[in-house]
Amino acid sequence: MKGIVFNLLERCVSDAHGDDMWDDLLEAAGLDGAYTALGNYDDADLRALVGAAARRLGTDEAEIERWFGSTAMGHLAVRYPEIFAPHADLRSFLLALNDIIHPEVRRLYPGVDVPNFGMESESDRSLTLRYRSERQMCAFAVGLIQGAASHFGCPVRVEEPACRKRGADSCVLTCHFLKEEAHG
Ligand code: HEM
């Protein structure tokens with residue numbers, strides 16, 4: 001996992017709970033916290049930090065991942081406006097994920113290991129993303145989608161009818177767009 005992800009987590013945790021909380025999480029996870037954006041770090045470090053945050057904040061790891069994804073997306077939108085600007089709404093943004101957005105992320109962060117999503121569109125009111133990654137970060141994906149929904153002002157309800165953590169062979173994220181895009 002690239003250091004940028006750890007840098008974003010530090011930013012989100014420190015903004016919401018203060019710098020001391022980040023230091024506490026590093027200590028609980030047994031990590032020194034020296035992450036540079038382009039460096040590569042063990043996925044287990046991120047899991048340890050998410051686990052420490054869940055224990056410390058009295059919630060579960062999926063909730064932390066969703067919160068992190070949603071909050072991180074706001075920071076990504078400020079940092080990479082050119083990635084968001086071509087899209088008028090959430091649906092357009094999600095449809096560009098495999099072919100434009102994550103490939104652009106690969107250019108910015110060589111060696112990054114971004115997931116590929118199967119996309120199925122039943123109607124213009126919904127879109128299903130099929131997520132298959134050894135990292136099993138579907139809750140993070142849901143948070144990112146919700147953060148993008150806030151950015152574009154497009155409310156969404158995300159259902160997860162299948163999840164690898166519940167024994168399925170992939171996670172299925174169905175996004176229901178709650179507003180007619182054409183009418184703003
Ligand atoms: C709603 C849109 C997006 C979704 C659902 C999404 C989903 C994900 C997920 C689930 C991961 C975790 C890695 C894995 O599962 O193997 C990931 C990694 C990543 N994504 Fe995205 N992403 C989105 C948009 C973006 C955007 C806009 C950016 C940057 C501007 C971005 C940058 C990254 C980076 C840097 C990683 C780390 C990969 C690594 O360290 O190897 N993503 N993404």
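In what sense do strand 3 and strand 4 pair, and over how many bridges? They pair in the antiparallel sense, over five bridges, where two strands are said to pair if DSSP finds at least two bridges between them.

This is a predicted model, in which local features need pLDDT of at least 70 and side-chain atom pairs count only at pLDDT 80 or more, whereas totals for chains, interfaces and linings use all residues. Residues are numbered from 1 along each chain as its sequence is written.

**Overall architecture**

The protein chain has eight helices and four strands, and from the N terminus on its elements run α-α-α-α-α-α-α-β-β-α-β-β. Helices (H or I, at least four residues) and strands (E, at least two) are DSSP runs, numbered from the N terminus. The radius of gyration of the protein chain is 16 Å, close to the 16 Å that the globule rule gives for 184 residues, so the chain is as compact as a globular protein of that length; the radius is taken over C-alpha atoms, and the rule is 2.2 Å times the number of residues to the power 0.38. Along its principal axes the C-alpha trace spans about 50 × 35 × 30 Å. Buried residues make up 31% of the 184 residues, a residue being buried if 20 or more other C-beta atoms lie within 10 Å of its own, exposed if 12 or fewer, and partly exposed in between, with C-beta atoms placed from the backbone. Of the contacts with a separation of 6 or more, 59% are between residues 24 or more positions apart; two residues are in contact if their C-beta atoms, placed from the backbone, lie within 7 Å.

**The two domains**

The domain assignment gives domain 1 (3-59) and domain 2 (68-183), with bounds that come from an automatic or database domain assignment. The C-alpha centres of domain 1 and domain 2 lie 23 Å apart, and eight residues of domain 1 are in contact with seven residues of domain 2. On the side of domain 1 that touches domain 2, helix 1 (residues 3-17) gives the most, with five residues. By class, that side of domain 1 has five nonpolar, one polar and two charged residues, where Ala, Val, Leu, Ile, Met, Phe, Trp, Tyr, Cys and Pro count as nonpolar, Asp, Glu, Lys and Arg as charged, and the others, Gly among them, as polar.

Gly58 lies in the loop between helix 3 (43-57) and helix 4 (61-79), and with 7 C-beta neighbours inside 10 Å it counts as exposed. Gly58 and Thr174 are 116 residues apart in sequence and 28 Å apart in space, C-alpha to C-alpha.

**The sheet**

The four strands form an open sheet of order 1-2-4-3 with antiparallel pairing. Its edge strands are strand 1 (117-123) and strand 3 (156-162), each of which pairs on one side only. Neighbouring strands are turned by 20° against each other on average, direction ignored; axes are lines fitted to C-alpha atoms, for helices over the stretch in contact, and angles run from 0 to 180 degrees between N-to-C directions. Helix 8 (residues 138-152) packs on this sheet, touching strand 2, strand 3 and strand 4 (171-177), and its direction makes about 165° with that of strand 3.

Strand 1 and strand 2 form a hairpin with two residues between them, and five bridges join strand 1 to strand 2 (residues 126-131). Strand 2 is in turn joined to strand 4 by six bridges, again antiparallel. Residues that stand opposite each other in these pairings include the following.

| Residue | Partner | Strand of partner |
|---|---|---|
| Phe117 | Tyr131 | strand 2 |
| Gly118 | Arg130 | strand 2 |
| Met119 | Leu129 | strand 2 |
| Ser126 | His176 | strand 4 |
| Leu127 | Cys175 | strand 4 |
| Val158 | Cys175 | strand 4 |

Side chains alternate along strand 2: Leu127, Leu129 and Tyr131 point to one face and are buried, while Ser126, Thr128 and Arg130 point to the other and are not. Strand 4 likewise has a covered face, made of Cys171, Leu173, Cys175 and Phe177, and an uncovered one with Val172, Thr174 and His176.
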